[in-house]
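Biologist: I'd like a close look at one pocket in this model, please. Tell me what lines it, then finish with a word on the sheet.

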Amino acid sequence: MLSVHGLVRGRNMELGRDADTGGQVLYVVEAARHIAAHPDVARVDLMTRRITDTHVSADYAQSIEVLSSKARIVRIEAGPEGYIRKEELWEYLDSFADNALAFLRAEGSTPDIIHSHYADAGYVGSRLANLLGVPLVHTGHSLGRVKRRRLIASGLKRDVIEDRYHMARRIEAEELALGSASLVIASTANEIEEQYGLYDYYQPEQMRVIPPGTDLLRFKPPDGSEQSEPVAADIARFLREPAKPMILALSRPDERKNIATLVRAYGESATLQNLANLVVVTGNRDDIRDLDSGAQQVLNDLLLDIDRYDLYGRVAYPKHHRREEVPIIYRLAAASRGVFINPALTEPFGLTLIEAAASGLPVVATSDGGPRDIVGNCHNGYLIDPLNTEDIVSNLLKVLKDQETWANLSRAGLQQVQEHYSW
């Protein structure tokens, strides 16, 4: 398995630390563990980039990290020692492939399958699969053509997008991976039909939908104990009326997650403010100035919009949360008879929607991408145009104004997530 970017480790994952350390990290680590547990699998090596940097944990400099008796993380040298964002990795992917090949030869083993995750790993995987003569499986997680289209719709110019995200190189790598892969794993039918359909090497006969699942032992409805957890007090300290229903948004601090439009929608609706509090959980920080420029921009915009609309006492934006507190946050929102919202410009899958449903929360989510399948399967919420503030407000009000609607959506989500998305 190849997952080149982000901070990848098997314990205390720093999910939400930055735009590169999100759900994909959790997905690949858990997939490695679970695949390795299968009796027909001898070993799984999850290859990522080795990072030696005083600004991050020394864990990421370990060459080998054991996940289980048959799974490990292997960290490969590529480019500078320090941590850099994925958009700056393109020049070093050939080096990653060369060093990964050298590691495999030193081990004296050839993998039976290479499984690449995201465009950068797709490039590396295509090279390795060709050199080793083994099949390539690819999972895109998100797609450059789709993301570029949505960024343009949000008002960004093509040259700004190219300068910031190196989209041309990313799309070229995605085309290479699609042309090389024996199997492409997608999360939803929408991803196959409408997202991969934008690519020249679109081969739907080689694509399969395998939706990510969620752990129903971790994500479950509220039982009352969540109210005594420290994170409950941490959220409540922001709010004048903490007992109100909670509109919960949970994502990394990335402009593509579109938190700014959500805050604007909330700020422009007195009705929504009277009915509910807004809780925005977006990564972890000590000082905004220490974050990368993209995360700084997202959080600065959040604070400026709270001030612009005078939302003090109505919006909570905690600085820290641990991974084990995420299920508690969902349960707090469900106990308040609130709603979960994912307003992303585009969402390849939407694992947070599954987690919310398993916690008894109705959802409101972007209509662009995976949420269409999830809401279609679970019947537990509404889809929105993520750039239309009126659409966001009206659908949030549908859930919050009618307790019978809330209860029906909550019940449907709980039932359907067990059928479609549990493990």
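Modeller: First, the labels: helices (H or I, at least four residues) and strands (E, at least two) are DSSP runs, numbered from the N terminus. This is a predicted model, so to speak with care: local features need pLDDT of at least 70, side-chain atom pairs count only at pLDDT 80 or more, and totals for chains, interfaces and linings use all residues. Residues are numbered from 1 along each chain as its sequence is written, and side-chain values use heavy atoms, leaving out hydrogens and water.

Now the second largest pocket (an open set of 1 Å grid points over the protein atoms alone where a 1.4 Å probe fits, with protein on both sides within 12 Å along at least five of seven lines). It holds about 1200 Å³ of space, counted as the space filled by probe spheres set on the points. Its lining, meaning residues with an atom within 4 Å of a point, runs to 41 residues, and Met1, Ala31, Ile35, Val44 and His115 come closest to the centre. Helix H1 (23-36) is the top contributor, giving seven residues. Strands S1 (44-49), S4 (114-117) and S6 (183-186) and helix H13 (351-358) also give two or more each. By type, the lining splits into 24 nonpolar, eight polar (Gly counts here) and nine charged (Asp, Glu, Lys and Arg).

As for the sheet, it's open, with six strands in the order S10-S9-S8-S11-S12-S13 and parallel pairing; pairing takes at least two DSSP bridges. S10 (315-316) and S13 (381-384) are the edges, each pairing on one side only. Two bridges link S9 (277-282) to S10, and Val279 has Ala316 of S10 as its bridge partner.
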